[in-house]
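User: I'm new to this structure and would like to learn how its descriptions are justified. Could you take me through the reasoning?

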Amino acid sequence: MNRRKQPLQTATHATQKKSRRVKISKTLAPPLMAHLGYQGARHLHPQRLPTKSAEKTVSVRLLDLGNETIENLQKIAETIKRLMVPGLRLKAIPENLMDRLVLLEKLDLSNNQLSDGSLPESMKRLEHLVELNLNTNKFTKVPPALKKLKSLSRLDLSENSIDNLNGLEKLRRIQILVVDNNKLTSVFKEVCHLKRLEILRCRNNSIKDIGVEIRQMKQLRDLDISNNKLSILPTDVLLLPGLETLNASRNKITKIPAFNIKLHNRHWVSEVDLSDNQITVFPGHLLRMTEKLDLSSNQIKILNMNAMKELERNPNQELVVDDNPLVFPPAEITGQNAILAFIQEARLNTPVYRGMKILVIGSHKSGKSSLIQSMVDNQGRLAEDLNESVAGIDLYDLIYDCEMKVKSEETGKMVKEVRPLQLCLWDFCGHPYYEFPHYLFFEQPSVALLTFNMKEFTPEKFNEMIGCWLDWMIAKTNSLKVVLVGTQCDKMSKEKIKEVKAEVKKQMTEFKNYHESILNERINDISQKSEISPTLTERMFSYRKLLIFTDTFTVQSDVIATSSAEFIGFEQLRKSIELIAKDENQFPPTPDYNLPLVLHKVKTFWVDVENYLDEKSNSMVVPIMPWDEYVEEVTTKFGMKKQIKDITQYLHVTGKVLWFSSAPVLSDYVFIRPAWLFELLRNIYRHDFEEKVDFGIDDTYKQMGFSQTRFERNKKELLQHGVMDKDFLRAILGYLIPPDMKENFNFLLDILLKGFKIGYPAAKKSKEMTYNFSPEIENIENVSKILIPWLRKTAEPEEIISLWEDRNDRERVAALLRFPKYIPPGLFELLCVGAQKTERHNLTFKAHWSNGILARHNKIDAILMISHESGPKGRGACLKYELRGDSPDPVYYPTRPAAMWTILLPLLQDFEEIIKSFKGVLVERQMLCKFCREPSFLGEWNTPKETQNLPEKVCEACGEKVDTDTLVQQREEKRDDVLLKLGEIRARRKDAMSKGMTLEQMLHEEELDKPIYGRERRRNVGILQAPDIAGLLPTPTIHVGSGDDSETADVDETTETNMENIRALYLLNFPGITNEGTVSDEETLEQTQEEENVGEEIIMTKK
Ligand SMILES: Nc1nc2c(ncn2[C@@H]2O[C@H](COP(=O)(O)OP(=O)(O)OP(=O)(O)O)[C@@H](O)[C@H]2O)c(=O)[nH]1
Ligand SMILES: [Mg+2]
């Protein structure tokens, strides 16, 4: 495509030669368009039109439209190039006026009373017309006669009553369009196809938003959209490659989103006028791209010191911040130089405080974005007027002044002091589509605001509006503070508000009781058994742990009723947030500093790192740094290698960067601009994909060689099959990563597939519409399609059902993972992506449907089905791994269960690895009876395998004797990766104990507690005379409410014998609390030896 700029076609020869761009003065119309004269001579306005054709007329201005004038005009019509008919109160144009104006280039009909339908049909014959002035008339829509004016390049429609620009699409040559003072509410959709448009004036209208369509207007260099109703200025405008001046003053803009300014292709915009708006946060990033930035008459309070560095570097830049309620620098400091000097000075002395991040979640359209905007702007705001992006996650900063008692450094007494509480609010879109992607960003410990629409609330909807969100949170983190926020209370009476509050409180208690009863039921079941095996003990231990942890999960059950329309309830909300910030359990103070962590000063050097990374993120196309590179770069620049993890952790918890420090693969990267990552994921997972992702929206698809047909095909493929074409993804992400930057894209794709596990490579089979789910792909570059399980909604194929049924009578091994209460969203999908890893599992996927996969092992004759099934009554769910023999000769060469275990075990290990990051989820591991298929046996892959030595075991459900080789792996091969490093764990615990850590604290300490993948160990725990450590065991509780209102539930005591077993388990795990004489010397010795021989098997026999 030829993308060179076309010279502007103008009527005057002078402008044609002099410059290819016509600068229009701000008071545009008359001087540019009025013209008059004869060829070779200049005259005053003639009273009459010339009758001699010898005097060749070029320009004519009519002073009346009498019959005589028209007749005379027609005589010379064929020579006229410019015709002015302004200010004649014309209501219609005589049909014959236009008849013979074959050379006409410029027509001025301004200041008349022309209205819809008053332009004659004959107008379409004006083939050479390049300039048309219809300024100040009475049109309410674009006159249809214009459609045919193929040469038109300048059009002035200002001062009419036009309310939409439909009908301009065909005028492909338009370069200047002036539509000031009309009744337009949108323009960009209609004009985005005008690829040559360079100047667009649309001030004094009622335009509410600028859509993504503007991205297509690559030639636009001058945009005036002042005095409209914009509330947000999208990034796309400022990223227009040709933009030179932008006037968006006198709107209602509140927010200028931050974005990456890519240094290698950045261009300077000479002037950006954002004066007279409602911007609260200083858009310092714009200083990186504008020569003059006018921010006067806004609501800015603080000039960001870091961003101001840009001005220090470039003295030619200009920043205007007059008439803002500035507190930093103080209002009395005026003038750019004085401000700069002040900021330089202040930078040296200003402390930065830590702050915290708050996650705002709740159902779709419950009012989260409105709530946040109201919090940020400190006044009522509703999301519609803001035109916020409604997908994915958005970030906002907010500072609360928080009154604290601080120890005075001089007197040592406690004094009151006001500290800024820095908040980073994460606005999660509540559409169910995001349950899985948003889970990535939800971690413990967290503070969350949970919103629900109070007006819509009914007792039956508790679960849908509140309960399911609590489940969602609990499953991921067992350390969480939740504030319940009822929104939209302006729509209801006081009585009704009270009623809803009481109902929610009641149901919260029920919710809590149900949550506990599930655990208690299980604990009791175990306690009632006559014999308790180590596996059961371990299980009980984990149930108790879940109960104990609920201690740190607090829901403030008193709903805060808010209205973002009327700004109600925000003071109370603010107080609740302050309380959490000051909560020492949530944010324990460090010994040398008696303030909660969030109010700590951040070390200057850490702030330097933060600023450095912020700056750096702007220069990177893909703002993701491999960990090693990051460490190298930061430590070379700032030293202090020892602190790098702490710094990064700090940046992570305060929302400045993302570093998933405990996730495999992802921990190798630092995402230095979280907003960028959200933007990226928002493009992949979006609930409004069908409607919003459109071929015409952008040139990118065309530039990347997409035809509309291919685009539609790929889109359909994604929506119907969950399969994303790689090029399609590149095009979708094209505006974040320019299409020519293939390497950057591949780097990112690798992280998406291996780190975030969003999907796995697939390939389309040549003829059929099916896919090869396990193509051999060594290099990421060769990937052509990506199957994204979360988006795959297809049904189980018929042929798979029959294939599976056919092997019904074969040998089989089946493990079941039961989630009695809640299954984390996306877990099944993550497992599928993991199972597809050939080098680990050696499987070939045969089919993949919305809730299952079927795969064949590449070496062993077995097929595997992993399926996701909902639990009874819609509560909870199960994941089933079932292997069936697939030998061609099942009679003589059946597939042995032992062989199947070699397939199953690594898959189960994957599961265990993933489930580690779901701290609060209740999961039960079971094995199915091969006869009745009931889950009658305990899954023992994590714990001592008691079943291993028995030849068979009776199924409690059907009474059949089951070979134990289908229940547990017989004589396990040595697997280094699953050895429980007992010695190491003990050493860690001993160390912790010696430092005075209590049992309860230990339970909270993740690092100390890794009893997963138990090495086979046998111990008859009954022999141990346990010390009385019952008092040491923490009492499991869930708190609901706060202060006097809080309720606590105790768990039933287990039977004495079983209690002993549990104590014994504690002893095993906490060797520091042995009681004299209870453990034999022999055992102590054995334990010590074991500490040295990490991973050695311990077998203890009953004396
Ligand atoms: N009257 C009234 N309307 C409100 C209030 N809060 C939100 N709304 C309206 O409720 C609708 C949804 O508000 P949003 O703030 O977009 O909701 P959200 O929770 O951010 O929605 P998603 O991000 O899509 O999940 C909008 O139409 C708002 O104008 C309120 O306090 N009072
Ligand atoms: Mg929202």
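User: Which residue stands opposite Ile853, and what makes the two strands involved partners?

Analyst: Happy to start there, with the note that this is a predicted model. Ile853 stands opposite Ile866 in β31. Strands count as paired if there are at least two bridges between them. Five bridges join strand β30 (residues 852–857) to strand β31 (residues 862–870), so by the cut-off of at least two they are a pair. The two strands run antiparallel.

User: Where do these strands sit in their sheet, and which strands are called its edges?

Analyst: The sheet is open and has seven strands, in the order β29-β30-β31-β32-β28-β33-β34, with antiparallel pairing. The edges are β29 (843–849) and β34 (937–938): each has a single partner strand, so one side of each lacks a neighbour in the sheet. Helix α24 (residues 798–806) lies across β29, β30, β31 and β32 (877–885), and runs at about 115° to β31.

User: Why is strand β28 described as largely enclosed?

Analyst: Buried means under 20% relative accessible area. In β28 (residues 812–819), seven of the eight residues are buried, so the strand is largely enclosed by the rest of the structure. β28 also has pairings to look at. With β32, β28 pairs in the antiparallel sense over eight bridges, and Val813 stands opposite Leu883 there. With strand β33 (residues 924–927), β28 pairs in the antiparallel sense over four bridges, and Arg818 faces Glu924 across that pairing.

User: How do you know that both faces of β18 are covered?

Analyst: Look at the two sides in turn. Ser446, Ala448, Leu450 and Phe452 are on one side, Val447, Leu449, Thr451 and Asn453 are on the other, and all of them are buried. That fits a general pattern: in a regular strand, side chains alternate between the two faces of the sheet. For β18 (residues 446–453), eight of the eight residues are buried, so this strand too is described as largely enclosed by the rest of the structure.

User: Which strands pair with β18, and are they parallel or antiparallel to it?

Analyst: Strand β15 (residues 356–362) is joined to β18 by five bridges, and the two run parallel. Leu359 of that pairing stands opposite Ala448 in β18. Strand β19 (residues 480–487) is joined to β18 by eight bridges, again running parallel. There, Ser446 has Leu480 in β19 as its bridge partner.

User: Why is Ser366 called buried, and what makes its link to Thr451 a polar contact?

Analyst: Ser366 has a relative accessible area of 2%, and the cut-off for buried is under 20%, so the word applies. Its place is in the loop between β15 and α8. The side chain of Ser366 makes its polar contact with the side chain of Thr451 at 2.8 Å, and such a contact requires a pair of N or O atoms within 3.5 Å, so the distance qualifies. Leaving aside neighbours within four places in sequence, Ser366 is in contact with Thr451, Phe452, Asn453, Thr487 and Gln488.

User: Is Ser374 buried or exposed, and which residues does it touch?

Analyst: Ser374 is buried, with a relative accessible area of 0%. This serine is found in helix α8 (residues 368–377), and its side chain reaches the backbone oxygen of Ser370 at 2.8 Å. Beyond neighbours within four places in sequence, its contacts are Gln379, Gly380, Arg381, Ser564, Phe567 and Phe570.

User: Why is α16 called roughly perpendicular to α17?

Analyst: Helix α16 (residues 627–638) and helix α17 (residues 644–653) pack at an angle of about 105°, with axes 11 Å apart. Angles of 65 to 115 degrees count as roughly perpendicular, and that makes α16 roughly perpendicular to α17. On the α16 side the contact is made by Trp627, Tyr630, Val631, Val634 and Thr635, and on the α17 side by Ile644, Lys645, Thr648 and Leu651. These residues divide into six nonpolar, two polar and one charged.

Key
Residues are numbered from 1 along each chain as its sequence is written. Chains are lettered from A and ligands numbered from 1 in the order in which they are written. This is a predicted model: local features need pLDDT of at least 70, side-chain atom pairs count only at pLDDT 80 or more; totals for chains, interfaces and linings use all residues. Side-chain values use heavy atoms; hydrogens and water are left out. Contact means heavy atoms within 4.5 Å. Axes are lines fitted to C-alpha atoms, for helices over the stretch in contact, and angles run from 0 to 180 degrees between N-to-C directions. Buried means under 20% relative accessible area, exposed over 50%, partly exposed in between (1.4 Å probe, protein chains only). A polar contact is a pair of N or O atoms within 3.5 Å; within protein, one must be able to donate a hydrogen and the other to accept it, and residues adjacent in sequence count only if both atoms are side-chain atoms. Angles under 35 degrees count as roughly parallel, over 145 as roughly antiparallel, 65 to 115 as roughly perpendicular and the rest as oblique. Ala, Val, Leu, Ile, Met, Phe, Trp, Tyr, Cys and Pro count as nonpolar, Asp, Glu, Lys and Arg as charged, and the others, Gly among them, as polar.
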